[in-house]
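Trainee: I'd like to understand this model one piece at a time. Please start wherever you like, and I'll keep asking.

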Protein chains: 2
Amino acid sequence: MRILHFSLSINFLHIMLLLPLSIRGFSTKSLPTIHRILVPIASGSEEIETTCITDVLTRFGAEVTVASVTSKTVKMSRGLNIEADCLITSLPFPASTYSAIVLPGGVPGVNHLADCETLKALLLEHHEQKGLIAAICAAPSKVLSPLNLLNGSPCTGYPSPSFNELIEKNGGILSSDDVVYCPKNNLITSKGPATAMMFGLTVGEYLFGEEKAGEIAGELLMLEEGEE
Amino acid sequence: MRILHFSLSINFLHIMLLLPLSIRGFSTKSLPTIHRILVPIASGSEEIETTCITDVLTRFGAEVTVASVTSKTVKMSRGLNIEADCLITSLPFPASTYSAIVLPGGVPGVNHLADCETLKALLLEHHEQKGLIAAICAAPSKVLSPLNLLNGSPCTGYPSPSFNELIEKNGGILSSDDVVYCPKNNLITSKGPATAMMFGLTVGEYLFGEEKAGEIAGELLMLEEGEE
Ligand SMILES: [Cu+]
């Protein structure tokens, strides 16, 4: 079996070769299989990143809530119209019942996310409760960094000088990996569109374990199939 | 520069090394830079595949029309709600002005696409006019194959025995590549979610040329960035 995403193979080999999760610092305790995931979006969020989060985590069995911080129907960064499940101010479940908050990138989407007082409060509360926070592309630098959530954490984001500067200014430690897990801060970050599927898979692996992640990766065709 | 998508490197190297497009059989004549793309969707279409088509082609500069064959707001295969630009029966532009029809997969989405008389007529007409038709995942086998559009063409789709059987039954010649271009029938097909971004990029390259494709691939982070 050959790994499709070559540069992701270090991240990924442990799934296929069944090496212990502790290599990446993931907890190996037995976890409940029901997880609610909050995916905040806004006008101008990135649609590939958004679907790679919602689709992949739904395949894992997560209950995904897509919550808009702008209007309920939003025009995404490349023109697709998505109807959110709700506004961020009226989640269908108590915020404390969500296992993870996962942020897509996309400009100007991240600016709306960064400006939303409700979301900022949710992120700080979730972090305090040691919940998982994950962010991709422009979201680590523009949303998490100003809230001081990257301070002291290895992390990544879309590789542009201005985004990198924002991350480092607030104490984030830039990594060159495509997906970065920081156990200390319960944080998963990633670079952008081409790494979004692996980002979604990594969040799923964190919550549902490596066996399930291997299954979903196969279904998504992330593993080379060879001749059939 | 290292190629992120290892198994796609044969397909892709010609972009980076500026080898002639004729290697893959693409026309190298100078093309107009405005292209309209029709993306038919339905309730149960695959959202990663759909956004990898619409987002990537919008980045190329295409005018993308997302047209539903069911209701205007559709629940996609993994729960995301997308609002189409229009119904397939009321396109904003004459059907003959579209450069390509690009079909996402997803079950039961493909069944709705396959059952839609308007779409079937559009596909047959577009094929007759030598327009580009592209399809991914379950769409080649379930939508194109019954219309005889794969007959005699090298092609691919989601690698399941039942889909493969449908393709071969109607004269399609299965290839093991992730994205397959058949110049004879003006057809681009691809496997599924993990190959969807490269599929979108290949359609974009066909329409806008290799230089633009290299630029968009870089922006999407499909090429390894190395140290920055
Ligand atoms: Cu972005």
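Trainee: Which hand does the crossing of α7(B) and α8(B) have?
Mentor: This is a predicted model, in which local features need pLDDT of at least 70, side-chain atom pairs count only at pLDDT 80 or more, and totals for chains, interfaces and linings use all residues. Helices here are DSSP runs of H or I with at least four residues, and strands are runs of E with at least two, both numbered from the N terminus. A crossing is left-handed if the near helix is turned anticlockwise from the far one by less than a right angle, and right-handed if clockwise. By that rule, the way α7(B) passes α8(B) is right-handed.

Trainee: At what angle do the axes of α7(B) and α8(B) cross?
Mentor: Residues are numbered from 1 along each chain as its sequence is written, chains are lettered from A and ligands numbered from 1 in the order written, and side-chain values use heavy atoms, leaving out hydrogens and water. Axes are lines fitted to C-alpha atoms, for helices over the stretch in contact (heavy atoms within 4.5 Å), with angles from 0 to 180 degrees between N-to-C directions. Among the residues that meet are B:Leu201 and B:Phe208 in α7(B), and B:Ile216 and B:Ala217 in α8(B). The two axes come within 7 Å and cross at roughly 145 degrees.

Trainee: Which word describes how α2(B) and α8(B) lie to each other?
Mentor: B:Val56, B:Arg59 and B:Phe60 of α2(B) meet residues of α8(B), including B:Ala213 and B:Ile216. These helices pack at about 125 degrees, with axes 10 Å apart. Angles under 35 degrees count as roughly parallel, over 145 as roughly antiparallel, 65 to 115 as roughly perpendicular and the rest as oblique. The pair is therefore oblique.

Trainee: Which residue in β11(B) is the bridge partner of B:Val180?
Mentor: Strands pair if DSSP finds at least two bridges between them, and β10(B) and β11(B) have four, in the antiparallel sense. They form a hairpin with four residues between them, and B:Asn186 in the turn has a positive phi of about 50 degrees. Opposite B:Val180 in β11(B) is B:Thr189.

Trainee: Are the side chains of B:Val179, B:Val180, B:Tyr181 and B:Cys182 in β10(B) buried or exposed?
Mentor: In a regular strand the side chains alternate between the two faces of the sheet. Here B:Val179 and B:Tyr181 point one way, while B:Val180 and B:Cys182 point the other way. Buried means under 20% relative accessible area, exposed over 50% and partly exposed in between, with a 1.4 Å probe and protein chains only. All four are buried.

Trainee: Which strands of chain A stand at the edges of the seven-stranded sheet?
Mentor: The open sheet runs β5-β2-β1-β6-β7-β11-β10, with mixed pairing. Each edge strand has a single partner, so one side of each is left without a neighbour in the sheet. These strands are β5 and β10.

Trainee: Which residue of β7(A) stands opposite A:Leu103?
Mentor: Strands β6 and β7 of chain A run parallel and are joined by four bridges. A:Leu103 is also among the residues that touch the most other members of the largest nonpolar core, a set of buried Ala, Val, Leu, Ile, Met, Phe, Trp, Tyr and Cys residues joined through side-chain atoms within 4.5 Å. Across from A:Leu103 is A:Ala135.

Trainee: What is the order of the four-stranded sheet?
Mentor: This open sheet is antiparallel. Its edge strands, β3 of chain A and β3 of chain B, each pair on one side only. The twist averages 30 degrees from one strand to the next. The order is β3(A)-β4(A)-β4(B)-β3(B).
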